[in-house]
Structure formats: structure tokens, C-alpha cells
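Hi there,

Here is the structure I promised to pass on. Have a look, and then read on for what turned up in it.

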Number of protein chains: 2
Amino acid sequence: MAKAPTVEDVAALAGVSRQTVSNVLNTPDIVREATRERVLRAIDELGYRRHAAARRLRLRRSSAIGIRLDPYVGGVSGVVLDRFVHAVTERASERGMRMLVYAARTPAEELDRLSELWEGSEIDAAIITGTVRDDPRVRTLDAQGVPFISFGRPWGEDDIADPLHLWVDVDGAAGTRAATAHALSFGHRVAFFGWPSGSGTGDDRERGWREAMADAGADGPRLVAEESVPTAREAVTAALAAGFDADAIVCVSDSLAVGALVALSTAGRSIPVIGFDNTPTAEALGFSSVEQRPEDVATAILELLMGPTGDVVVPRQVRPGAAHALIVPELVVR
Amino acid sequence: MAKAPTVEDVAALAGVSRQTVSNVLNTPDIVREATRERVLRAIDELGYRRHAAARRLRLRRSSAIGIRLDPYVGGVSGVVLDRFVHAVTERASERGMRMLVYAARTPAEELDRLSELWEGSEIDAAIITGTVRDDPRVRTLDAQGVPFISFGRPWGEDDIADPLHLWVDVDGAAGTRAATAHALSFGHRVAFFGWPSGSGTGDDRERGWREAMADAGADGPRLVAEESVPTAREAVTAALAAGFDADAIVCVSDSLAVGALVALSTAGRSIPVIGFDNTPTAEALGFSSVEQRPEDVATAILELLMGPTGDVVVPRQVRPGAAHALIVPELVVR
DNA sequence: GGAGGGAATTTGAACGATCAAATCCCGCGT
DNA sequence: ACGCGGGATTTGATCGTTCAAATTCCCTCC
């Protein structure tokens, strides 16, 4: 393959100077119509394309965003993040941004990777996912001055009214509220199958169920299991043996929903089970589930990071009211 | 955040020249011990890191590889690719390479994205996945001189003995052979549940079943369905109504396996079903499945692209015997 | 016909790294 | 004491783009 043409080559062919070519590409309106067309023709003829590295060097801007690819941990979830990463890649591309991915197994390793990328000027910003209470990444990135945003709200330390960093999250409580409202159409005893208390996400989703039940003047049992199909199955099997009964079960995740379904089916019972995440498994097995709309999350993330339409990461003031977005999920009934 | 330090800053602090700093980083052995340590100390003190764009510009090499993120299409599969992308990101990082991802919905769009990246010198090579017979991407990338490798063999046009491009694939026939051998322990009537003929992958996997059956002197029925749980379920339900019977079913994918399981369960039947892909769903529902080992595929891909240990993409001669790798999958029994 | 002025275009410099060639340094042999 | 050799280090040039300042162009108006 021949050497790629440069602005200089295009300029020579069009009979103009380097800078005019640059202007045609960056500020077309200051170039005279006739000239512009001549240059565009030359660009087209040579198949010219800006050399990304040269541009980045000069502009002191990489136009790239770093995001972690989660390790495969097995289990039924994870698809939400994969969809999110895909969506954010699409949206970023529309704004002339690239997505640079990295792999990390621990938060510490993730910070190493991010420092590398940031200090090497490979990325203009970072997107972190799965934030937890007192997330070390938030502290460190802030200290390093890395523009970043999280998919997942900052459980605990900071607040919607007084945000410390940008974030976008899914309104879990709204999701389980919708799920519970639907479940109530099968009877008033709607159970909640959640994770052990303490996780922000899990507690939030449980709150939705509690609120919807209170609104309906109903009440129902609460089951608990760790996030995995086998543990969920055991928990429900044990509960059934102990006399558990309900008209429907709202679950904190599709994994627990699958476990519940398997346990019920084994016990020869059949009541509606509603999951969370709307994973392919939910679709495959045909149970209802709450859809997180990762595509909307992606859009919101880029808007907070780059403004409504910009194509540059703007290190914006984190100020109340414009520092976060809460996406309302949607119940998919099956 | 202050401006990032440059080689010049480090040089000043260490009392040496720019180039010596560069040498410490790139060819440490030609720098005198004492000098090297002084420079390293300065680097450390300033927290210096090479500016990636400047380096790429000068080296005329991006040290990045492009790979597509598949759109979310629903269905039970896709996890294999996600695991693969994650693994290749890890391996690439170990060799000092970055992974740049892009989204595309069609092969044509993928080629557009890749041309952009390649012509803009943003990537040194590309990895394409899911090749089909007469894949347009192979032709075009070859014509453009883009170094690339595919996860998926070039069904049809070219051959192991006379390769036209680099590829790595999973030996599907070996997978179904193993699955069938295991299935035969339940009885000699082992059915195969596959896709309609014509897809390279599907035919390859069917061949494995056929061979294993022939070896055992057994024979069994063959069912067909498109790749989706509902169609699979319908196909099996219909077959059962028509008197279908078998001691076990070997499936071309986990989707079909799930469909078969649902149909069997609904009909009150229970025979072993073996899937392919070892997706989380297989794990969740507890059926055996063939594991594709995407991590091994990732390793093989980078070895073909960059040599056994190199950290540069070497546009290597595509020559018989060194142009491909066939990964042997593993049956996970549950 | 020439001055004035704004738009269009060109030139010089810079971004930060590395290669290639030039220079420096030091010990050694004569 | 001087020159030589070879390793260590420095200097100059370059990668391709864009910014800033300088220059040229073209039209209007007196």
C-alpha cells in the first residue's frame, strides 16, 4: 500500500496551500466556494484522510473515551453492560469520538489502566460503571483531574442535591414499582425476591416494591439470595418447603428470577415471576422483566460529558441539576 | 491539572538531553547505568509518561487494533463474542496494544468504519468476527492492504492448505463429536438439532455428530430450526407430536437447546440435551454445553497477527501452515 | 488611478516524540 | 603528549496537522 496522502499532497493537487486544505476541513465557511470545491475534489481523488495522531498531537486532545470491558464472570447478567458499551460506542462515533477499551479485574487495576491512558493523553475522559459506596475510583479520578462520569449513582457520600461528580443511573425503584403494579393484577400477595440488604442497587429496587405494595394497601413476604441461579433456587425451594406462598414474585434480577422459576417448576408450582434486566434469558424463557434501557443511559452519559450536541469533552462544572440523569426503566410484559 | 511533563522536562531535571531520556525508555541498554538511574528518578519524580499521539505520529504506527462490537440482537448467544473481545483486550494490553472498538449494523457499515480507522492511521490491524461464505470484508480489507485476521474460518473460497488470509476458528465438529460421544452414554439414539443447511458453522457442527454416530455404528433423527428459542421450541413440539423419540439431543447452539428443553418439559418428557456455546443460560439451567474457549482464540489471534511475542503488528506473509489456528472446544458436562 | 479595507490565502511555528548523524568523552597505545 | 577508537550523549530534522501572524487578493469608493 502506498504512503497515505497528506494535506500537503492535497494542497499541491488543488493548487492551494496546506492551511487552505485544513480550513476546508475545519472551517469550510471561510474558504471561497470555488476553492473549497477544488480542494474537496482533490481530497476525494486522493482519498485523503486526516492523520489522527498528528491531529491529536496538535490539538492536544485525543477525542477518545476510555471504558472498561467487564471480565466475564458467568451468571446471567452482564448483558446490560454489554448493550450499554455498544450503545455508547455508537453515540460516541456520531460525535466524532472513539471508544478505547481496557480490561481490568479489580478497581485498583482499573485505576492503573486509566492512569496510563490519561497520562499518556490517550483519552479525554473516562466512563466508569458499577459504582459502589465510597468508590475509590471516584476519589482518585477526581484527584487526577480526569473528566469522568459514572453509570451508576454515587451511593452514599454524595447526593442529587449536592453532586460531586457526573453520573447517570437507572431508576431501579421505578422499575420494581412498575413490576409490582403489574404483579398485583395476579393477586394481592406479591413477594419480593432480593439480594441481602446493603447494596445500594438492591435496596433501591426493594424500595420500589415496598412503595407499590403500600400504595395498594397490600403486603407480601420477602425472600433473599445472593446473585446466582443455584443460590436463588435453593432459597426458593427452602421457602416453599417452609410454606411460602404468593400470587407473584418480583425479583431484583433475572438470575434470581430464573432460580425461582426452576424451583417453582420443580415443586410443581406455577406463579408469575418478574425479573430485572430483561436479559436474553428472560426473553428465552418468556418471563416478564424490567428493561434498563442502556441505550438511553448511553445518550445521557454523552450529553453530560460533552453537552447536548458538542463534539468535545467539556470539563464542565459539576453543579446541582445538571450533573446527573435518572433513566426510567420499562417493564416488558411477557 | 498542570500541563503534562515532556521528555524535555525530564531531560532538564536529570541534566541530560531529550534523546537520552528517549533512549532510557526505548533502548535502556545503550545508556550508562548511572545516567539511566538519574533519568528514571526524574521520570518518576515528574510522573512523566510518553505522549501517545506524538509517539504514534513519529513511529507511524498506532499500536491499536480495531474490533467491532456486535449490536445487541437479543437471543441467547453473543456471549462468546463478548468474552472473546474481553480476552483479546487483555492480551493486547500485555503486548502494549490498545483496542479501539466501533459499532456497525451491517457489513457495509463495518467496512466504512474500518476504512475511516485505517486511513486515518488509527489502527494497525483489524479483527473481524463471524465470517460467512464469500465475506465482502475479506475482499475489501485485502484490497485496501489492511492487516487483518478473522475469528471464523473462510468458509468456501479458501482453504487450510491454501490460505488467503489469517484466521482462527473453533473446531465445531470436534465439539459436537465430544458432545455426541457423551450423549451416546445415555443410549444409542442420539438426535441432532441443527440449523437449516448452508451455514458453514452449522454444517461443520452437524458433521461432528454424524461422524461420532458413524463411529459408534449408531444413527439418529435430525431436527432443524432457525436460531431462536421460540422456533426451536415449536420445531421440537411438532416433532414430538409426530412421534419423535431419542435418548439424547445434541444441539447446534444453546438457543436451540433451551427451546428443546422447554418443549420437552411441556410435553412431560425428560431426556438429556446438550448445547453449544456454554452460555450463562446453559449454566443457569444446568444443561451440558460445548465451551468454545474464546480466551484461547484471543491468544491465537494475537500470535498470528504479531508473532509469538512481538509487540508490533507484522504484516506477515500468509503462508500455508502458519496462517491459521483451530481451537479445540471442550464439553462442559452438567 | 490609487487608497482603503475586508476577505481569502499563505507562511512560520509548534505540538512531543524518535531517528540519524554529529559530537563528546575517556582510556589506551605509541 | 598526542591521536585513535568506540561507547555515551547531544543536535538537527522529521512525522502531519493546526494556530497565529503575515501577506495577497479583490472590490469599492473617491
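**What was found**

By class, the residues of the surface near DNA strand D are 9 nonpolar, 9 polar and 8 charged. Please keep in mind that this is a predicted model.

Staying with strand D, 26 residues lie around it, and the nearest of them are A:Thr6, A:His51, B:Ser17, B:Gln19 and B:Thr35. Two or more residues of this surface come from each of α1 (7-14), α2 and α4 of chain A, and from each of α2 and α4 of chain B.

Now for DNA strand C. There are 26 residues around this strand too, with A:Ser17, A:Gln19, A:Thr35, B:Thr6 and B:Ser22 coming nearest. Here α2 (18-26) and α4 (52-59) of chain A, along with α2 (18-26) and α4 (52-59) of chain B, each give at least two residues to the surface. That surface splits into 9 nonpolar, 9 polar and 8 charged residues.

The two protein chains also meet each other: 42 residues of chain B are in contact with 42 residues of chain A. On the chain B side, α4, α5 (79-94), β2 (98-103) and α12 (280-285) each provide two or more residues. The largest share, 7 residues, belongs to α5(B). Sorted by class, this side of chain B has 20 nonpolar, 12 polar and 10 charged residues.

How do the β2 strands of the two chains run, parallel or antiparallel? Strand β2 (residues 98-103) of chain A and β2(B) are antiparallel, joined by 3 bridges. If you would like a spot to zoom in on, A:Met99 sits opposite B:Val101 of β2(B).

Best wishes

How values were computed:
Residues are numbered from 1 along each chain as its sequence is written. Chains are lettered from A and ligands numbered from 1 in the order in which they are written. This is a predicted model: local features need pLDDT of at least 70, side-chain atom pairs count only at pLDDT 80 or more; totals for chains, interfaces and linings use all residues. A residue is near a molecule or strand if its C-beta atom, placed from the backbone, lies within 6 Å of it. Helices (H or I, at least four residues) and strands (E, at least two) are DSSP runs, numbered from the N terminus. Ala, Val, Leu, Ile, Met, Phe, Trp, Tyr, Cys and Pro count as nonpolar, Asp, Glu, Lys and Arg as charged, and the others, Gly among them, as polar. Two residues are in contact if their C-beta atoms, placed from the backbone, lie within 7 Å. Two strands pair if DSSP finds at least two bridges between them.
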